[in-house]
Amino acid sequence: MLSIIFFMACGSMHNARPLEKGQKAVGVSFGGPMVNFAEKNIPLPNAIVQVKQGMGNSPTHTWDIQYGLNLTAIAFDQIGGQFGSSYLIAPQKGISPAWSIASTIYAYNNFISTDGSYGKGVWVANQSETTFSWKWKTHLVYTGISQTTDVKRPSLLLSPFVGIAFSDGDRKSKPSSFQIELRHYAAGRSPNIGFVDWYDPTGSGAMGLQLTYAYLFTSKSRGASIKKQSTDTKKEGVQ
C-alpha cells in the first residue's frame with residue numbers, strides 16, 4: 001500500500017498561497033521519494049504536469065482549483081491524475097505566517113496495461129494538507145504536514161514538508177517561479193516495501209526531493225485592475 005501512496009503523492013505545485021481570480025499557473029514537477037540505488041540516493045523520476053486556476057477571492061480569503069497528470073505513470077501502463085483545491089484561511093501579518101489548507105484526490109488505473117497477471121483496477125487516495133508560509137524578499141518559504149488516505153485501506157500516513165519557491169513572493173512582476181521541496185513521506189511507518197529500498201535517515205517512511213517550475217498567467221482584466229489599484233494608491237499618497 002505504501003508504494004502506491006508514494007506513487008500517487010509524488011509531488012506538485014505548492015498550496016501555500018492559492019491563486020487569485022484571473023490568475024492561472026502551469027507547472028511541471030519532477031522528483032519524489034528517494035530510493036537507494038547503486039549506493040546512491042536518487043529521487044524517483046516522477047514527472048507531473050499541473051494547472052492551477054484562481055476561482056475567487058475576498059479581501060482576506062482566496063481559493064483555487066488544480067488538476068494534473070502523472071506522465072511517468074503512463075510509461076508503466078498506468079493512467080494517473082489529480083484534482084483538488086486550496087483555500088487561504090489567513091493572510092500573512094508581519095512575522096505571523098499565512099495559513100492555507102488543501103485537499104487533492106489522486107486516481108490511478110491500469111486499464112491500458114497488457115499484463116493481466118495483476119488484474120485491472122482503480123486506486124484512489126485523498127491528500128489533505130495544511131501549510132504555513134512567509135514571504136522572504138521576493139521568495140516564499142513554507143512548511144506544513146499532509147495526510148494521505150487510501151480510500152480502500154485508510155490508515156495514518158503523515159508527511160511533513162518544507163520548501164521554498166523562488167520569485168513566488170512577487171507574482172505581479174515575476175511570473176516565473178522555481179520550487180524546491182523536501183518531504184518526509186509516511187513518517188513513522190516502516191520503509192521496507194519489499195523490492196524497494198527507500199531512503200530515510202530517520203529509519204521510517206521515505207525522504208523525498210521535488211523540483212517544480214511554474215509560470216503564472218494573469219488575465220487582462222485582472223492586470224488592468226492591479227494597475228488601477230496602483231494608480232489609486234499613488235493618488236492617495238499625493239493628496
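V141 sits in strand 8 of what is a predicted model. With a relative accessible area of 28%, V141 is partly exposed. What does V141 touch, once residues up to four places away in sequence are set aside? The answer is F132, S133, W134, W136, G163 and I164. One of these partners, I164, is 23 residues away along the chain, yet the C-alpha atoms of V141 and I164 are separated by just 4.4 Å.

## The whole chain

Let's step back for the wider view. The protein is built from three helices and eleven strands. If you walk along the chain from the N terminus, the elements come in the order α-β-β-β-β-α-β-β-β-β-β-β-β-α. There are 239 residues in the protein, and 43% of them count as buried.

How much of the contact network joins residues at least 24 apart? Taking contacts between residues at least 6 apart in sequence, the share is 56%. As for the outside, the accessible surface of the protein comes to about 12,600 Å², and carbon and sulfur atoms account for 64% of that.

## Rings that pair up

A pair of aromatic rings is described by how far apart the centres are and by the angle between the planes. The count of aromatic pairs here comes to three. In one of them, W99 and F132 have ring centres 6.1 Å apart and planes at 15°, so this pair is stacked; the cut-off for stacking is planes under 30 degrees apart. The two partners come from distant parts of the chain: W99 belongs to strand 6 (residues 98-109) and F132 to strand 7 (residues 122-136), with their positions 33 residues apart. W99 has a relative accessibility of 33% and counts as partly exposed. F132 is partly exposed too, at 31%. You have met F132 already, as one of the residues that V141 touches.

Another pair is made by Y142 and F161, and this one is tilted, with 6.2 Å from centre to centre and 55° between the planes. Y142 is in strand 8 (residues 139-150) and F161 is in strand 9 (residues 158-166), so the pair ties together parts 19 residues apart in sequence. Are these two residues buried or exposed? Y142, at 0% relative accessibility, counts as buried, and F161, at 4%, counts as buried as well.

## Empty space inside

Rolling a probe the size of a water molecule over the atoms shows where empty space is left. Searching the whole structure turns up two cavities of 30 Å³ or more. The largest cavity has a volume of about 180 Å³. It is lined by 18 residues, and the closest to its centre are A25, D168, R171, S177 and A214. Which elements give two or more residues to this lining? They are strand 10 (176-185) and strand 11 (206-218). By character, the lining splits into eight nonpolar, five polar and five charged residues.

## A few buried residues

Strand 11 also holds A206. At a relative accessible area of 0%, A206 is buried. A206 and V35 are 171 residues apart along the chain, but their C-alpha atoms are separated by 8.0 Å.

Over in helix 2 (residues 71-75) you'll find T72. T72 has a relative accessibility of 13% and therefore counts as buried, the cut-off being under 20%. Apart from its neighbours within four places in sequence, T72 is in contact with P45, N46 and A47.

Two loop residues have a positive phi although they are not glycines. For S167 the angle is about 70°, and for A186 it is about 50°. Here they are side by side:

| Residue | Phi | Loop | Relative accessible area |
|---|---|---|---|
| S167 | about 70° | between strand 9 and strand 10 | 17%, buried |
| A186 | about 50° | between strand 10 and strand 11 | 4%, buried |

So where should you look for the loop with S167 in the viewer? Find strand 9 and strand 10, and S167 lies in the loop between them. The loop with A186 then comes between strand 10 and strand 11, the two strands that each give two or more residues to the lining of the largest cavity.

Note on methods: Residues numbered from 1 in each chain as written. Predicted model: local features only at pLDDT ≥ 70, side-chain atom pairs only at ≥ 80, totals over all residues. Heavy atoms only, no water. 1 Å grid on protein atoms, 1.4 Å probe; cavity = no way out; pocket = protein on both sides within 12 Å on 5 of 7 lines; lining within 4 Å. Points joined across faces, edges and corners; volume = space filled by probe spheres on them. Nonpolar A, V, L, I, M, F, W, Y, C, P; charged D, E, K, R; others polar. Phe/Tyr/Trp six-rings, centres within 6.5 Å; stacked < 30°, edge-to-face > 60°. Buried < 20%, exposed > 50% of the residue type's maximum accessible area, 1.4 Å probe, protein only. Contact = heavy atoms within 4.5 Å. Areas by Shrake-Rupley, 256 points an atom, 1.4 Å probe, with all protein chains shown as cover.
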